[in-house]
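Reader: I would be grateful for a close look at a single part of this structure, the metal site and its surroundings. Please take me through it step by step and then relate it to other places along the chain.

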Amino acid sequence: MTPSARPPRADFLLVHAGQLLTLPGGPASRRGPAARDLGVIEDGAFACSDGRVIWAGSTDEASAFSGPDMRIVDAGGRLVMPGFVDPHTHPVFVGLREMEFALRASGATYQQIAEAGGGIASTVRTTRSASRAELAASLHDHLSDMLRFGTTTLEAKSGYSLDRDGEIESLELLAEAALNGPQTIVPTFLGPHAVPPEFEGRPDDFIAFMIDEVLPVVSSRKLAKYADIFCERNVFDPAQSARFLEAAMTAGLGVRIHADEFSAFGGAELAASLGAASADHLLMASDEGVAALAASDTTAVLLPATAFFLGLAFPDGRRFLDAGAAVALATDFNPGSCYCPSMPFVLSTAVCRCRFTVEEAIVAATANSAACLGLGGVKGTLQPGADADFTIWDLDDYRGIPYHLAAPDIVSVHCSSMPAWTKDDRSYPVQPARDRGRICMDESGWKAGR
Ligand code: NIG
Ligand code: FE
(Lines give C-alpha, C1' and ligand atoms only; values in the text may rest on other atoms or scores of the structure.)
(Ligands and ions follow the chains in the order given, each with its own letter.)
Protein backbone atom coordinates (compact mmCIF):
# COMPACT_ATOMS: atom_id res chain seq x y z
CA MET A 1 0.00 0.00 0.00
CA THR A 2 1.36 3.45 -0.86
CA PRO A 3 0.95 6.37 1.53
CA SER A 4 -1.54 8.03 -0.81
CA ALA A 5 -3.78 4.93 -0.73
CA ARG A 6 -3.62 4.57 3.03
CA PRO A 7 -6.63 4.01 5.24
CA PRO A 8 -7.21 7.13 7.34
CA ARG A 9 -6.91 5.64 10.78
CA ALA A 10 -3.22 4.97 11.43
CA ASP A 11 -2.88 5.27 15.22
CA PHE A 12 0.74 4.18 15.63
CA LEU A 13 3.89 4.89 13.67
CA LEU A 14 7.38 3.50 14.17
CA VAL A 15 10.16 5.37 12.38
CA HIS A 16 13.94 5.18 12.01
CA ALA A 17 14.46 1.48 12.38
CA GLY A 18 18.10 1.22 11.28
CA GLN A 19 17.08 -2.15 9.88
CA LEU A 20 13.43 -3.16 9.77
CA LEU A 21 12.95 -6.91 9.19
CA THR A 22 9.56 -7.37 7.52
CA LEU A 23 9.78 -11.15 6.81
CA PRO A 24 7.86 -11.07 3.52
CA GLY A 25 5.74 -13.94 2.16
CA GLY A 26 2.31 -15.47 2.49
CA PRO A 27 0.83 -17.67 5.19
CA ALA A 28 2.82 -20.79 4.17
CA SER A 29 6.27 -21.74 5.48
CA ARG A 30 9.26 -20.38 3.60
CA ARG A 31 11.51 -22.98 1.95
CA GLY A 32 14.65 -22.71 -0.21
CA PRO A 33 15.73 -19.12 -0.99
CA ALA A 34 12.56 -17.73 0.62
CA ALA A 35 13.72 -19.28 3.90
CA ARG A 36 16.59 -16.75 3.90
CA ASP A 37 14.63 -13.64 2.95
CA LEU A 38 14.33 -11.19 5.84
CA GLY A 39 12.90 -8.33 3.77
CA VAL A 40 15.32 -5.81 5.28
CA ILE A 41 14.33 -2.14 4.91
CA GLU A 42 17.10 0.32 5.85
CA ASP A 43 15.82 3.28 7.90
CA GLY A 44 12.48 1.51 7.96
CA ALA A 45 9.09 2.54 9.25
CA PHE A 46 5.67 1.01 9.67
CA ALA A 47 2.19 2.28 10.44
CA CYS A 48 -0.48 0.45 12.41
CA SER A 49 -4.17 0.71 13.00
CA ASP A 50 -5.74 -1.00 16.01
CA GLY A 51 -2.64 -3.10 16.68
CA ARG A 52 -2.21 -4.30 13.13
CA VAL A 53 0.37 -3.27 10.53
CA ILE A 54 -1.22 -1.37 7.63
CA TRP A 55 1.93 -0.18 5.87
CA ALA A 56 5.69 -0.78 5.96
CA GLY A 57 8.32 1.15 4.01
CA SER A 58 11.10 3.67 4.51
CA THR A 59 11.03 6.51 7.04
CA ASP A 60 11.16 8.98 4.12
CA GLU A 61 7.70 7.85 3.05
CA ALA A 62 6.25 7.63 6.53
CA SER A 63 5.39 11.30 7.04
CA ALA A 64 2.23 10.73 5.01
CA PHE A 65 0.96 8.65 7.93
CA SER A 66 1.65 10.99 10.82
CA GLY A 67 -1.32 12.63 12.48
CA PRO A 68 -2.09 14.56 15.65
CA ASP A 69 -3.40 11.71 17.82
CA MET A 70 -1.03 8.95 16.95
CA ARG A 71 1.66 7.37 19.06
CA ILE A 72 5.04 7.65 17.39
CA VAL A 73 8.08 5.59 18.37
CA ASP A 74 11.47 6.67 17.03
CA ALA A 75 13.70 3.58 17.07
CA GLY A 76 16.78 5.80 16.79
CA GLY A 77 18.52 3.66 14.17
CA ARG A 78 18.08 0.41 16.10
CA LEU A 79 17.11 -2.98 14.71
CA VAL A 80 13.36 -3.68 14.73
CA MET A 81 11.90 -7.10 13.90
CA PRO A 82 8.84 -9.26 14.58
CA GLY A 83 8.58 -10.78 18.04
CA PHE A 84 9.80 -14.37 18.22
CA VAL A 85 7.25 -17.14 17.78
CA ASP A 86 8.30 -20.11 19.95
CA PRO A 87 6.44 -23.15 18.57
CA HIS A 88 7.27 -25.74 21.29
CA THR A 89 7.18 -25.06 25.03
CA HIS A 90 6.08 -26.87 28.22
CA PRO A 91 5.47 -23.96 30.65
CA VAL A 92 2.72 -25.41 32.91
CA PHE A 93 4.51 -27.13 35.79
CA VAL A 94 5.71 -26.66 39.33
CA GLY A 95 9.11 -27.85 40.54
CA LEU A 96 12.60 -27.66 39.12
CA ARG A 97 15.02 -30.53 38.50
CA GLU A 98 18.46 -29.14 39.31
CA MET A 99 19.36 -32.43 41.02
CA GLU A 100 18.91 -34.36 37.76
CA PHE A 101 20.88 -31.73 35.91
CA ALA A 102 23.74 -32.32 38.34
CA LEU A 103 23.38 -36.11 38.02
CA ARG A 104 23.72 -35.81 34.25
CA ALA A 105 26.85 -33.75 34.78
CA SER A 106 28.17 -36.74 36.75
CA GLY A 107 27.46 -39.12 33.88
CA ALA A 108 23.82 -40.26 34.21
CA THR A 109 21.72 -40.08 31.06
CA TYR A 110 18.24 -38.55 30.69
CA GLN A 111 16.80 -42.04 30.09
CA GLN A 112 18.57 -43.60 33.10
CA ILE A 113 17.16 -40.87 35.35
CA ALA A 114 13.67 -41.41 33.91
CA GLU A 115 13.91 -45.18 34.43
CA ALA A 116 14.87 -44.57 38.06
CA GLY A 117 11.62 -42.65 38.67
CA GLY A 118 12.92 -39.16 37.93
CA GLY A 119 12.41 -37.23 34.72
CA ILE A 120 8.89 -36.32 33.64
CA ALA A 121 7.45 -38.47 36.48
CA SER A 122 9.15 -36.28 39.04
CA THR A 123 7.59 -33.10 37.62
CA VAL A 124 4.22 -34.89 37.48
CA ARG A 125 4.49 -35.50 41.24
CA THR A 126 5.27 -31.86 42.06
CA THR A 127 2.69 -30.51 39.61
CA ARG A 128 -0.08 -32.79 40.90
CA SER A 129 0.58 -31.70 44.45
CA ALA A 130 0.64 -27.97 43.63
CA SER A 131 -2.39 -25.75 44.11
CA ARG A 132 -4.00 -24.05 41.14
CA ALA A 133 -2.65 -20.71 42.38
CA GLU A 134 0.91 -22.10 42.60
CA LEU A 135 0.64 -23.51 39.10
CA ALA A 136 -0.71 -20.20 37.77
CA ALA A 137 2.10 -18.26 39.46
CA SER A 138 4.74 -20.58 38.01
CA LEU A 139 3.23 -20.29 34.52
CA HIS A 140 3.19 -16.51 34.87
CA ASP A 141 6.92 -16.51 35.72
CA HIS A 142 7.72 -18.68 32.71
CA LEU A 143 5.73 -16.50 30.30
CA SER A 144 7.32 -13.41 31.73
CA ASP A 145 10.80 -14.87 31.21
CA MET A 146 9.97 -15.68 27.59
CA LEU A 147 8.62 -12.18 27.01
CA ARG A 148 11.82 -10.46 28.12
CA PHE A 149 13.72 -12.58 25.59
CA GLY A 150 11.42 -11.30 22.84
CA THR A 151 8.82 -14.08 22.55
CA THR A 152 5.43 -12.56 21.73
CA THR A 153 3.70 -15.75 20.56
CA LEU A 154 4.22 -19.27 21.88
CA GLU A 155 2.80 -22.74 21.61
CA ALA A 156 2.30 -24.15 25.12
CA LYS A 157 1.65 -27.76 26.07
CA SER A 158 -0.08 -29.40 29.00
CA GLY A 159 1.44 -32.74 30.02
CA TYR A 160 2.63 -32.63 33.62
CA SER A 161 -0.53 -33.88 35.29
CA LEU A 162 -1.44 -36.86 33.12
CA ASP A 163 -4.87 -37.18 34.74
CA ARG A 164 -8.13 -35.73 33.54
CA ASP A 165 -8.65 -32.88 35.97
CA GLY A 166 -5.00 -31.82 35.99
CA GLU A 167 -4.65 -31.79 32.22
CA ILE A 168 -7.86 -29.75 31.95
CA GLU A 169 -6.62 -27.39 34.64
CA SER A 170 -3.32 -26.87 32.78
CA LEU A 171 -5.20 -25.93 29.63
CA GLU A 172 -7.57 -23.66 31.57
CA LEU A 173 -4.58 -21.86 33.07
CA LEU A 174 -3.15 -21.33 29.60
CA ALA A 175 -6.48 -19.81 28.51
CA GLU A 176 -6.47 -17.52 31.54
CA ALA A 177 -2.86 -16.51 30.89
CA ALA A 178 -3.71 -15.74 27.26
CA LEU A 179 -6.56 -13.51 28.40
CA ASN A 180 -4.63 -11.70 31.09
CA GLY A 181 -1.19 -11.30 29.54
CA PRO A 182 0.15 -9.67 26.41
CA GLN A 183 1.41 -12.76 24.58
CA THR A 184 -0.52 -14.90 22.13
CA ILE A 185 -0.63 -18.49 23.41
CA VAL A 186 -1.47 -21.47 21.22
CA PRO A 187 -2.55 -24.31 23.55
CA THR A 188 -1.63 -27.95 22.91
CA PHE A 189 -3.03 -30.99 24.74
CA LEU A 190 -0.08 -33.28 25.54
CA GLY A 191 -1.94 -35.78 27.73
CA PRO A 192 0.23 -38.71 26.56
CA HIS A 193 3.54 -37.15 27.62
CA ALA A 194 4.47 -40.18 29.75
CA VAL A 195 2.71 -43.16 31.30
CA PRO A 196 1.69 -42.14 34.86
CA PRO A 197 2.22 -44.51 37.81
CA GLU A 198 -1.45 -45.59 38.00
CA PHE A 199 -1.12 -46.94 34.43
CA GLU A 200 2.39 -48.38 34.80
CA GLY A 201 2.99 -51.14 32.26
CA ARG A 202 -0.38 -50.38 30.59
CA PRO A 203 0.33 -47.71 27.93
CA ASP A 204 -2.55 -48.92 25.73
CA ASP A 205 -5.00 -48.48 28.59
CA PHE A 206 -3.62 -45.01 29.25
CA ILE A 207 -4.04 -44.04 25.58
CA ALA A 208 -7.62 -45.34 25.71
CA PHE A 209 -8.22 -43.30 28.89
CA MET A 210 -6.88 -40.16 27.20
CA ILE A 211 -9.04 -40.77 24.11
CA ASP A 212 -12.22 -41.70 25.98
CA GLU A 213 -12.10 -39.55 29.11
CA VAL A 214 -9.99 -36.46 28.48
CA LEU A 215 -9.97 -35.67 24.77
CA PRO A 216 -13.78 -35.19 24.60
CA VAL A 217 -13.58 -32.52 27.32
CA VAL A 218 -10.63 -30.78 25.65
CA SER A 219 -12.43 -30.83 22.34
CA SER A 220 -15.92 -29.81 23.50
CA ARG A 221 -14.55 -26.95 25.61
CA LYS A 222 -12.16 -25.92 22.82
CA LEU A 223 -9.28 -25.91 25.29
CA ALA A 224 -6.58 -26.77 22.76
CA LYS A 225 -5.80 -26.13 19.13
CA TYR A 226 -3.39 -29.08 18.85
CA ALA A 227 -2.74 -32.49 20.40
CA ASP A 228 0.75 -33.93 20.87
CA ILE A 229 2.31 -37.22 22.03
CA PHE A 230 5.81 -38.35 23.08
CA CYS A 231 6.45 -40.99 20.40
CA GLU A 232 9.60 -42.64 21.73
CA ARG A 233 11.02 -46.06 22.52
CA ASN A 234 9.79 -47.11 26.02
CA VAL A 235 7.17 -44.35 26.02
CA PHE A 236 4.53 -44.50 23.23
CA ASP A 237 5.15 -46.43 20.03
CA PRO A 238 4.05 -45.29 16.54
CA ALA A 239 0.86 -47.40 16.62
CA GLN A 240 -0.19 -45.93 19.98
CA SER A 241 0.77 -42.47 18.76
CA ALA A 242 -1.27 -42.88 15.57
CA ARG A 243 -4.29 -44.07 17.56
CA PHE A 244 -4.22 -41.02 19.84
CA LEU A 245 -3.48 -38.48 17.11
CA GLU A 246 -6.14 -39.84 14.76
CA ALA A 247 -8.68 -39.59 17.57
CA ALA A 248 -7.55 -36.00 18.18
CA MET A 249 -7.95 -35.16 14.49
CA THR A 250 -11.42 -36.70 14.49
CA ALA A 251 -12.21 -34.50 17.49
CA GLY A 252 -11.20 -31.43 15.47
CA LEU A 253 -7.68 -30.79 16.77
CA GLY A 254 -4.53 -30.36 14.71
CA VAL A 255 -1.60 -32.59 15.67
CA ARG A 256 2.11 -32.31 16.47
CA ILE A 257 4.54 -35.08 17.50
CA HIS A 258 7.59 -35.39 19.76
CA ALA A 259 9.41 -37.48 17.18
CA ASP A 260 12.72 -39.33 16.93
CA GLU A 261 14.35 -37.54 19.86
CA PHE A 262 16.44 -40.37 21.32
CA SER A 263 15.94 -43.08 18.69
CA ALA A 264 14.85 -43.38 15.06
CA PHE A 265 11.35 -44.63 15.77
CA GLY A 266 9.28 -43.66 12.73
CA GLY A 267 7.98 -40.44 14.28
CA ALA A 268 8.89 -38.21 11.33
CA GLU A 269 7.30 -40.64 8.88
CA LEU A 270 4.16 -40.83 11.03
CA ALA A 271 3.92 -37.03 11.25
CA ALA A 272 4.17 -36.66 7.48
CA SER A 273 1.64 -39.43 6.82
CA LEU A 274 -0.90 -37.88 9.21
CA GLY A 275 -0.40 -34.37 7.82
CA ALA A 276 0.73 -33.19 11.27
CA ALA A 277 1.46 -29.50 11.71
CA SER A 278 4.92 -30.38 13.02
CA ALA A 279 7.37 -33.11 13.94
CA ASP A 280 9.58 -31.90 16.76
CA HIS A 281 13.10 -32.83 18.01
CA LEU A 282 14.13 -35.18 15.14
CA LEU A 283 17.69 -35.64 16.43
CA MET A 284 17.66 -39.26 15.25
CA ALA A 285 15.28 -38.93 12.28
CA SER A 286 15.97 -41.44 9.50
CA ASP A 287 16.78 -40.37 5.92
CA GLU A 288 13.34 -41.67 4.94
CA GLY A 289 11.79 -39.54 7.67
CA VAL A 290 13.59 -36.42 6.45
CA ALA A 291 12.50 -37.12 2.87
CA ALA A 292 8.91 -37.69 4.00
CA LEU A 293 8.89 -34.37 5.85
CA ALA A 294 10.39 -32.53 2.86
CA ALA A 295 7.64 -33.90 0.64
CA SER A 296 4.92 -32.90 3.11
CA ASP A 297 3.42 -29.78 4.70
CA THR A 298 4.68 -30.89 8.12
CA THR A 299 7.22 -28.49 9.62
CA ALA A 300 10.43 -29.90 11.13
CA VAL A 301 10.73 -28.10 14.48
CA LEU A 302 14.33 -28.30 15.70
CA LEU A 303 15.23 -27.75 19.35
CA PRO A 304 18.98 -27.16 19.55
CA ALA A 305 18.95 -25.88 23.13
CA THR A 306 17.65 -29.29 24.24
CA ALA A 307 20.61 -31.02 22.59
CA PHE A 308 22.86 -28.46 24.30
CA PHE A 309 21.25 -29.01 27.71
CA LEU A 310 21.32 -32.82 27.47
CA GLY A 311 24.80 -32.98 25.93
CA LEU A 312 23.51 -34.69 22.77
CA ALA A 313 24.65 -34.24 19.17
CA PHE A 314 23.07 -31.11 17.73
CA PRO A 315 20.33 -31.38 15.09
CA ASP A 316 21.77 -30.76 11.63
CA GLY A 317 19.71 -27.93 10.17
CA ARG A 318 21.21 -28.38 6.71
CA ARG A 319 19.88 -31.92 6.52
CA PHE A 320 16.33 -30.56 6.67
CA LEU A 321 16.84 -27.20 4.93
CA ASP A 322 18.69 -28.64 1.94
CA ALA A 323 16.13 -31.42 1.57
CA GLY A 324 13.51 -28.69 1.11
CA ALA A 325 11.63 -29.20 4.35
CA ALA A 326 9.86 -26.37 6.17
CA VAL A 327 12.01 -25.73 9.25
CA ALA A 328 11.25 -23.89 12.48
CA LEU A 329 13.20 -23.37 15.73
CA ALA A 330 11.88 -23.56 19.30
CA THR A 331 13.15 -23.55 22.87
CA ASP A 332 11.37 -26.71 24.18
CA PHE A 333 11.26 -24.79 27.49
CA ASN A 334 10.64 -27.40 30.24
CA PRO A 335 12.07 -28.33 33.67
CA GLY A 336 13.94 -31.47 32.57
CA SER A 337 15.52 -31.47 29.14
CA CYS A 338 15.79 -27.71 28.49
CA TYR A 339 15.24 -25.09 31.17
CA CYS A 340 15.74 -22.26 28.67
CA PRO A 341 13.16 -19.58 27.81
CA SER A 342 15.50 -17.74 25.40
CA MET A 343 14.90 -17.76 21.65
CA PRO A 344 18.05 -15.62 21.12
CA PHE A 345 20.09 -18.45 22.67
CA VAL A 346 18.33 -20.93 20.38
CA LEU A 347 19.31 -18.78 17.39
CA SER A 348 22.95 -18.65 18.51
CA THR A 349 22.99 -22.43 18.92
CA ALA A 350 21.34 -22.96 15.54
CA VAL A 351 23.91 -20.79 13.80
CA CYS A 352 27.00 -21.92 15.75
CA ARG A 353 26.22 -25.66 15.98
CA CYS A 354 23.39 -26.62 13.60
CA ARG A 355 24.58 -25.12 10.30
CA PHE A 356 21.80 -22.56 9.90
CA THR A 357 22.73 -19.27 8.27
CA VAL A 358 21.81 -16.25 10.37
CA GLU A 359 18.98 -15.45 7.99
CA GLU A 360 17.61 -19.02 8.04
CA ALA A 361 17.63 -19.02 11.84
CA ILE A 362 15.62 -15.78 12.00
CA VAL A 363 13.03 -16.99 9.48
CA ALA A 364 12.77 -20.30 11.39
CA ALA A 365 12.09 -18.42 14.64
CA THR A 366 9.49 -16.02 13.22
CA ALA A 367 7.62 -16.55 9.93
CA ASN A 368 8.07 -20.34 9.81
CA SER A 369 7.29 -20.95 13.46
CA ALA A 370 4.13 -18.85 13.03
CA ALA A 371 3.17 -20.85 9.93
CA CYS A 372 3.45 -24.17 11.76
CA LEU A 373 1.04 -22.83 14.40
CA GLY A 374 -1.49 -21.83 11.73
CA LEU A 375 -0.60 -18.16 12.22
CA GLY A 376 1.39 -17.57 9.02
CA GLY A 377 1.10 -14.02 7.74
CA VAL A 378 -0.36 -12.89 11.09
CA LYS A 379 2.56 -13.48 13.46
CA GLY A 380 6.32 -13.53 12.80
CA THR A 381 6.11 -10.88 10.07
CA LEU A 382 5.61 -7.10 9.92
CA GLN A 383 3.96 -6.98 6.53
CA PRO A 384 0.61 -5.24 6.15
CA GLY A 385 -2.08 -7.40 7.70
CA ALA A 386 0.17 -8.78 10.45
CA ASP A 387 -0.30 -8.17 14.15
CA ALA A 388 2.15 -5.46 15.25
CA ASP A 389 4.13 -7.71 17.63
CA PHE A 390 7.74 -6.52 17.49
CA THR A 391 11.00 -6.07 19.36
CA ILE A 392 13.41 -3.15 19.35
CA TRP A 393 17.02 -4.27 19.84
CA ASP A 394 20.03 -2.32 21.00
CA LEU A 395 21.73 -3.47 17.81
CA ASP A 396 22.17 -1.89 14.42
CA ASP A 397 22.48 -5.16 12.50
CA TYR A 398 20.38 -8.34 12.69
CA ARG A 399 23.50 -10.51 12.64
CA GLY A 400 24.10 -9.28 16.16
CA ILE A 401 21.22 -11.40 17.48
CA PRO A 402 23.01 -14.78 17.39
CA TYR A 403 26.42 -13.11 17.70
CA HIS A 404 25.66 -11.69 21.16
CA LEU A 405 25.81 -15.19 22.66
CA ALA A 406 23.55 -15.56 25.72
CA ALA A 407 23.49 -11.78 26.20
CA PRO A 408 20.66 -10.43 24.06
CA ASP A 409 20.13 -6.71 24.34
CA ILE A 410 16.44 -6.03 23.83
CA VAL A 411 15.22 -2.49 24.44
CA SER A 412 11.49 -3.22 24.33
CA VAL A 413 8.95 -5.83 23.32
CA HIS A 414 5.57 -4.82 21.90
CA CYS A 415 2.35 -6.77 21.37
CA SER A 416 -0.31 -5.33 19.05
CA SER A 417 1.84 -2.17 18.93
CA MET A 418 1.63 -1.63 22.73
CA PRO A 419 4.71 -1.93 24.94
CA ALA A 420 4.58 -5.27 26.81
CA TRP A 421 8.11 -5.20 28.28
CA THR A 422 10.78 -2.55 28.35
CA LYS A 423 14.30 -2.61 29.67
CA ASP A 424 13.43 0.08 32.21
CA ASP A 425 10.09 -1.28 33.41
CA ARG A 426 10.05 -4.98 34.11
CA SER A 427 6.42 -5.26 35.14
CA TYR A 428 4.12 -7.87 33.61
CA PRO A 429 1.47 -7.99 32.34
CA VAL A 430 1.21 -4.61 30.70
CA GLN A 431 -1.43 -5.15 28.12
CA PRO A 432 -4.03 -7.83 28.80
CA ALA A 433 -5.21 -9.54 25.65
CA ARG A 434 -8.80 -8.90 26.69
CA ASP A 435 -8.17 -5.18 26.06
CA ARG A 436 -6.73 -5.73 22.63
CA GLY A 437 -10.00 -6.55 20.97
CA ARG A 438 -8.44 -9.45 19.11
CA ILE A 439 -7.58 -12.57 21.02
CA CYS A 440 -7.02 -16.21 20.33
CA MET A 441 -8.68 -17.41 23.50
CA ASP A 442 -11.72 -16.20 25.40
CA GLU A 443 -14.20 -17.63 27.90
CA SER A 444 -15.68 -19.83 25.18
CA GLY A 445 -12.33 -21.36 24.20
CA TRP A 446 -9.70 -21.39 21.52
CA LYS A 447 -10.51 -19.23 18.48
CA ALA A 448 -9.08 -20.35 15.18
CA GLY A 449 -7.79 -17.30 13.36
CA ARG A 450 -8.86 -13.83 14.40
O1 NIG B 1 10.33 -32.23 24.78
N2 NIG B 1 10.71 -35.29 25.35
C3 NIG B 1 9.70 -35.17 26.04
N4 NIG B 1 9.29 -34.07 26.69
C5 NIG B 1 10.12 -32.96 26.98
C6 NIG B 1 10.94 -33.18 28.22
C7 NIG B 1 10.11 -33.13 29.43
C8 NIG B 1 10.83 -33.29 30.74
O9 NIG B 1 11.94 -33.86 30.82
O10 NIG B 1 10.24 -32.85 31.72
C11 NIG B 1 10.93 -32.60 25.77
O12 NIG B 1 12.17 -32.65 25.77
FE1 FE C 1 9.04 -31.00 24.21
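Author: His88 has a relative accessible area of 0%, and it therefore counts as buried, since the limit for that word is under 20%. This value, like every other one here, belongs to a predicted model. His88 is one of the protein donors of the iron ion (ligand 2), to which it turns its NE2 atom. His90 and His258 also offer NE2, while Asp332 contributes OD, and these donors lie 2.0 to 2.3 Å from the iron ion. Along the chain, the donors are spaced in the pattern H-x1-H-x167-H-x73-D. His88 belongs to the loop between strand E6 (84-86) and helix H2 (98-105), and Asp332 to the loop between strand E14 (327-329) and helix H13 (343-353), so this pair ties together parts that are 244 residues apart in sequence. Asp332 is buried as well, for its relative accessibility is 1%.

Two of these donors also lead to ligand 1. Asp332 has an N or O atom in its side chain 2.8 Å from an oxygen atom of ligand 1. In His258, a polar side-chain atom lies 3.0 Å from an oxygen atom of the ligand 1 molecule. Ser337 takes part too, with a side-chain N or O atom 2.6 Å from an oxygen atom of ligand 1. On its own, ligand 1 has 330 Å² of accessible area, and the protein covers 100% of this area. There are 15 residues around ligand 1, and those that come nearest are Arg97, Tyr110, Tyr160, His193 and Ser337. The space that ligand 1 takes up is the second largest cavity.

The loop that holds His88 deserves a further look. Thr89 also lies in the loop between E6 and H2, and its relative accessible area of 0% makes it a buried residue. The side chain of Thr89 reaches the backbone oxygen of Glu155 at 2.7 Å.

Another threonine may be considered beside it. Thr184 has its place in strand E8 (residues 184-189), and it counts as buried at 7% relative accessibility. Its side chain is joined to that of Lys379 by a polar contact of 3.0 Å.

Backbone angles offer another point of study. Most residues other than glycine have a negative phi. His281 is not a glycine, yet its phi is positive, at about 90°. This histidine is found in strand E12 (residues 278-281) and is buried, with a relative accessible area of 3%. Asn234 likewise is not a glycine and has a positive phi, of about 70°. Asn234 is located in the loop between strand E10 (230-231) and helix H8 (238-250). With a relative accessibility of 72%, Asn234 counts as exposed, because the limit for that word is over 50%.

Asp60 is a further exposed residue, with 69% relative accessibility. Asp60 lies in helix H1 (residues 59-62). Between the C-alpha atoms of Asp60 and Val411 there is a separation of 24 Å, and these residues are 351 residues apart along the chain.

To return to the metal site, the iron ion (ligand 2) has His88, His90, His258 and Asp332 as its protein donors. Of these, His88 is buried at 0% and Asp332 at 1%.

Methods. Residues are numbered from 1 along each chain as its sequence is written. Chains are lettered from A and ligands numbered from 1 in the order in which they are written. This is a predicted model: local features need pLDDT of at least 70, side-chain atom pairs count only at pLDDT 80 or more; totals for chains, interfaces and linings use all residues. Side-chain values use heavy atoms; hydrogens and water are left out. Donors are N, O and S atoms within 2.8 Å of the metal (3.2 Å for Na, K and Ca); water is not among the atoms, so sites may look incomplete. Helices (H or I, at least four residues) and strands (E, at least two) are DSSP runs, numbered from the N terminus. Buried means under 20% relative accessible area, exposed over 50%, partly exposed in between (1.4 Å probe, protein chains only). A residue is near a molecule or strand if one of its heavy atoms lies within 4 Å of it. A polar contact is a pair of N or O atoms within 3.5 Å; within protein, one must be able to donate a hydrogen and the other to accept it, and residues adjacent in sequence count only if both atoms are side-chain atoms. Accessible areas come from the Shrake-Rupley method with a 1.4 Å probe; for residues, only the protein chains shown count as cover. On a 1 Å grid over the protein atoms alone, a cavity is a set of points where a 1.4 Å probe fits but cannot get out, and a pocket is an open set with protein on both sides within 12 Å along at least five of seven lines; lining residues have an atom within 4 Å of a point. A molecule sits in a cavity or pocket if more than half of its atoms lie within 2 Å of its grid points.
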